[in-house]
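This briefing concerns a single structure, shown below. It is arranged by topic, with the cut-offs stated where a term is introduced.

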Amino acid sequence: MIRSLAVVGTGLIGTSVALAAARRGVTVHLLDASASALRTAELLGAGTALPPEEPVDLAVLAVPPSKVADVLSEQQARGLARSYTDVASVKAGPERDVLARAPRPTHFVGGHPLAGRERSGPLAARPDLFQDRVWVLTPSRLTSKPAFDRALDLIGLCGGVPTVMQSAAHDETVALTSHAPHLMASLVAARLGGRSPVSALLVGQGFRDATRIARGEARLWTDIIETNAAEVAGVLTALRTDLTELLTAVQDLSVRDPRTRARSRRNLTGLLERGIAALEALPAPLAADTAHVDVTINARPGELARLLDTAAGYGAGADTVAAPVTPHGGDGPLVIRFELAAPEAETLAEKLAAAGWDVVHRDDVRDETEPALVGAPG
């Protein structure tokens, strides 16, 4: 059990870890080269900026991937903690550096919580950021069982879902699922630069959804891409092939020959369908516990639109609406069901009820099956 924790780096992830642990009664010590970030995290209740008087149970290194080995070596030399982990989104390079340079590599296990926001800094931190989110651990051939177990305890404190991978497999995967998408979002967002001011008036939700992650801190993302450059380059090379085929198909849609246009239309439709199929094959997201908010409305014209407009004002968009329900074989009033994470559902229910809607709020308990921990040190 973790009773004391040190967090080195009080940005979004580090401060979120500290907040989650502090709320579970853990004594948290905060360290950061930025006095401003450190003070902000302390004022948020994430912990104390005072150094520990004795080694803490676990130190979390919330620093860029290229800095993990250096910071680990520095903190191990000062005896900050009994065990160490990190939260960087690249694992293989830092692991090699740790094995080569750290004084006690057996006391370290790599980690990566798959959670984040487009905002950065301690003010963006949330204690529930990791709730029901996958948290990867990448033990090296030298990682000791106590170090691994303490990292598991941390994941439990933060509400995460532990998953064990080899560092190289992790990096290959996140190159496709995280790093390349960030670059593509940045490319699309950058195309808006230099356009006439009127272009901004035509930016719809699709553009905002596709480019939201491009707001990530540029220097941190440069470090991430550089540390995982080979894997990201492989994904971009494959995407370049796909983009070339797509460009040919789109260009051919403008030619006069109907056979060429028909072939290009089939190719384009096939690409779009493959994307849909890949998304539909994904497992259900490991989100926070969901809850239903059922709202009964009269079947008057415009009543549903009025409800949806009201709910949207409270952050419940159309994507949170399940199929309408008619409780009495189609004869009774219409029941509109919203499905949201439990805290948001409770807020929505309160807001809609206060606005005069007929609301029923019902929690929906998920299966809490424990995930397998394959490859854990014995």
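Apart from its neighbours within four places in sequence, Thr 320 is in contact (heavy atoms within 4.5 Å) with Arg 337, Phe 338, Glu 339 and Leu 340. The model is a predicted one, in which local features need pLDDT of at least 70 and side-chain atom pairs count only at pLDDT 80 or more, while totals for chains, interfaces and linings use all residues. Residues are numbered from 1 along each chain as its sequence is written, and side-chain values use heavy atoms, with hydrogens and water left out.

**Thr 320 and its setting**

- Thr 320 is placed in the loop between α12 (303–313) and β9; helices (H or I, at least four residues) and strands (E, at least two) are DSSP runs, numbered from the N terminus.
- Thr 320 counts as buried, because its relative accessibility is 13%; buried means under 20% relative accessible area, exposed over 50%, and partly exposed in between (1.4 Å probe, protein chains only).

**Salt bridges**

- How many salt bridges does a search of the whole structure find? The search finds 11, a salt bridge being a side-chain nitrogen of Lys or Arg within 4 Å of a carboxyl oxygen of Asp or Glu.
- Side chains of opposite charge can pair when their charged atoms come close.
- Arg 101 and Asp 70 form one such bridge through their side chains, at 2.7 Å from N to O. Arg 101 belongs to helix α4 (residues 92–101) and Asp 70 to helix α3 (residues 68–78), so this pair ties together parts that are 31 residues apart in sequence.
- Arg 101 is partly exposed, at 41% relative accessibility, and Asp 70 is partly exposed, at 41% relative accessibility.
- A salt bridge also joins the side chains of Asp 294 and Arg 337 (2.7 Å, N to O). This pair links distant parts of the chain, with Asp 294 in strand β8 (residues 290–297) and Arg 337 in strand β9 (residues 334–341), 43 residues apart.
- Asp 294 counts as buried, since its relative accessibility is 12%.
- Through salt bridges that share partners, Asp 70, Asp 97 and Arg 101 are joined into one network.
- In a further bridge, the side chains of Arg 259 and Asp 257 meet at 4.0 Å, N to O. Arg 259 is exposed, with 66% relative accessibility, whereas Asp 257 is partly exposed, with 30%.

**Second largest pocket**

- The second largest pocket holds about 480 Å³ of space. On a 1 Å grid over the protein atoms alone, a pocket is an open set of points with protein on both sides within 12 Å along at least five of seven lines, a cavity is a set of points where a 1.4 Å probe fits but cannot get out, and lining residues have an atom within 4 Å of a point.
- Grid points are joined across faces, edges and corners, and a volume is the space filled by probe spheres set on the points.
- Of the 14 residues that line the second largest pocket, Met 184, Leu 239, Arg 240, Asp 242 and Leu 243 are the closest to its centre.
- Helices α6 (167–190) and α10 (229–252) each supply at least two residues of this lining, and α10 gives the largest share, eight residues.
- By class, this lining comprises 12 nonpolar, no polar and two charged residues; Ala, Val, Leu, Ile, Met, Phe, Trp, Tyr, Cys and Pro count as nonpolar, Asp, Glu, Lys and Arg as charged, and the others, Gly among them, as polar.

**Enclosed cavity**

- The structure holds one cavity of 30 Å³ or more, and the largest cavity encloses about 70 Å³ of space.
- Which residues are the closest to the centre of the largest cavity? Of the 14 that line this cavity, they are Glu 95, Phe 108, Val 109, Gly 110 and Thr 138.
- Two or more lining residues are given by α4 and by β5 (108–113), and the largest share, four residues, comes from α4.
- The lining of the largest cavity has seven nonpolar, four polar and three charged residues.

**Two further buried residues**

- Ser 4 lies in strand β1 (residues 4–8) and is buried, at 16% relative accessibility.
- A polar atom of the Ser 4 side chain lies 3.0 Å from the backbone nitrogen of Asp 57.
- Ile 225 is found in helix α9 (residues 218–227) and is buried, with a relative accessible area of 17%.
- Leaving aside neighbours within four places in sequence, Ile 225 is in contact with His 179, Leu 183 and Val 232.

Methods: A polar contact is a pair of N or O atoms within 3.5 Å; within protein, one must be able to donate a hydrogen and the other to accept it, and residues adjacent in sequence count only if both atoms are side-chain atoms.
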